[in-house]
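Visitor: Please show me the structure. I would like to ask how its features get their names.

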Amino acid sequence: MTTVNKNDFKYILMKDAQWCNELGFNDFDGLNSIIRRGKAVQLVNLCEARHENRCNTLSYYIKERGDVKVILLAGPSSSGKTSTSLRIALQCKVHGLNPRTIELDNYFLDRDETPRLPNGEYDYECLEAMDLELLNRDLCALLRGEEVDIPQFDFKQGIKIWDGKHKMRLMPYDVLILEGIHALDKRMTRDIPEEKKYYIYVTDISSISNYDPQIRTTDNRLLRRMVRDNRTRGISPEDTILRWPSVRQGEDKWIFPFQENADKVFNSTMQYELPLLKHFVTPLLYGIGEDSAAYQEAQRLLGIFNRIDALPLDAIDAIPCTSIMREFIGGQILSRELL
């Protein structure tokens with residue numbers, strides 16, 4: 001008898017399709033029917049309840065393992081890593097654990113030690129750009145119960161700074177959450193015993209869009225990123241589209257090869273997200289002119305939205321401020337600071 005690997009993406013898509021069928025839809029026509037019947041708010045509520053339940057279940061598994069002290073979370077661009085880590089931290093707190101966060105960006109090597117790309121630019125994405133010796137020394141000290149002064153990386157000066165304001169000591173029920181591009185690469189935390197670690201891979205794959213040949217599996221993430229980066233960083237949708245191949249190349253090199261290390265694959269997709277993103281993305285895409293190198297891709301994406309009804313405004317208002325989608329459209333209030 002063949003064992004089903006619950007981290008297998010085919011299995012994840014199968015379970016997602018089963019859930020959609022139970023709700024009465026499995027394609028865009030069915031999704032549009034729900035919206036046209038005035039059931040969009042109920043759909044949002046169900047999706048959010050399901051997502052919260054998965055965060056709760058995952059946190060319970062971590063608590064029941066008993067020996068987990070370091071939770072490592074990675075995923076490709078705009079998969080929802082930040083929101084997922086915050087939601088899991090919240091649920092860990094509910095289950096009696098006290099999550100503490102270390103931002104791996106503070107463990108970059110100083111700029112004068114950073115490897116360079118063939119064109120001479122600094123390569124901040126490679127594992128060798130991280131100060132692995134210091135990171136592992138600090139993690140081991142924390143697991144021994146020692147106090148550690150966590151560095152803060154000054155990106156303007158390109159150096160680590162110890163200001164004495166970020167000291168940390170782990171108590172018995174504390175768990176560390178580390179989120180970053182290399183979190184699933186076991187070399188990142190090479191000195192930490194494997195039984196102390198729990199690896200989570202965050203993805204965004206939908207059974208609705210996955211079986212449509214006109215939609216790529218990465219489209220949801222591209223659209224999420226387009227909305228977020230335009231809203232928070234002022235990056236044009238044209239630039240997001242043109243940068244996307246480079247982003248994907250980095251994922252192929254530094255993220256996807258290590259996804260099999262995950263103890264759990266967490267699917268962050270929301271069945272209502274394409275109808276939601278239609279509100280925010282289509283005006284951006286229509287602004288890309290025919291003379292742009294991004295025009296053809298913009299037209300392809302608009303073709304997808306031509307087949308999808310927009311989520312009504314009352315359903316958008318119903319999206320809770322702790323939703324993963326709030327990371328992209330705005331209005332999220334999740335915080336790393338817990339009680």
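Guide: Start with helices and strands: they are DSSP runs, H or I of at least four residues for a helix and E of at least two for a strand, numbered from the N terminus. The model is predicted, so local features need pLDDT of at least 70 and side-chain atom pairs count only at pLDDT 80 or more, while totals for chains, interfaces and linings use all residues. Residues are numbered from 1 along each chain as its sequence is written, and side-chain values use heavy atoms, without hydrogens and water.

Visitor: Why is Cys55 called buried?

Guide: Buried means under 20% relative accessible area, exposed over 50%, and partly exposed in between, with a 1.4 Å probe and protein chains only. Cys55 has 0%, so Cys55 is buried. Cys126, at 4%, also counts as buried.

Visitor: What makes Asp252 partly exposed?

Guide: Its relative accessibility is 44%, so Asp252 counts as partly exposed. Asp252 is found in helix H8. Its C-alpha atom is 9.2 Å from that of Pro76, although the two are 176 residues apart along the chain.

Visitor: How do you know that Cys55 is in no disulfide?

Guide: A disulfide is a pair of cysteine sulfur atoms within 2.5 Å. By this rule the count is 0 disulfides. For Cys55, the nearest cysteine sulfur belongs to Cys92 and is 9.8 Å away.

Visitor: What is notable about the phi of Ser78?

Guide: Its phi is near 60°, a positive value in a residue other than glycine. Most residues other than glycine have a negative phi. Ser78 sits in the loop between strand E1 (70-74) and helix H4 (81-94). At 3% relative accessibility, Ser78 is buried.

Visitor: What makes a set of residues a nonpolar core?

Guide: The members are buried Ala, Val, Leu, Ile, Met, Phe, Trp, Tyr and Cys residues, joined through side-chain atoms within 4.5 Å. The largest such core has 44 residues, and Tyr272, Leu285 and Leu311 have the most contacts inside it. Helix H9 (residues 273-286) gives the most to this core, with 6 residues. Apart from this core lies another, of 39 residues, including Tyr107 and Met168.

Visitor: Which residues does Tyr272 touch?

Guide: A contact means heavy atoms within 4.5 Å. Leaving out residues up to four places away in sequence, Tyr272 touches Leu43, Val44, Cys47, Glu48, Leu311, Ile319, Ser323 and Met325.

Visitor: Why is one space called a pocket and another a cavity?

Guide: On a 1 Å grid over the protein atoms alone, a cavity is a set of points where a 1.4 Å probe fits but cannot get out; a pocket is an open set with protein on both sides within 12 Å along at least five of seven lines; lining residues have an atom within 4 Å of a point. The largest pocket is lined by 39 residues, of which Lys81, Asp105, Glu125, Ile181 and Arg225 lie nearest its centre. H8 gives the most to this lining, with 8 residues.

Visitor: Which residues line the second largest cavity?

Guide: Phe28, Leu31, Ser206, Ile208, Ser209, Asn220, Thr269, Met270, Gln271, Glu273 and Leu274 line the second largest cavity. Helix H2 (28-36), H6 and H9 each supply at least two residues of this lining.
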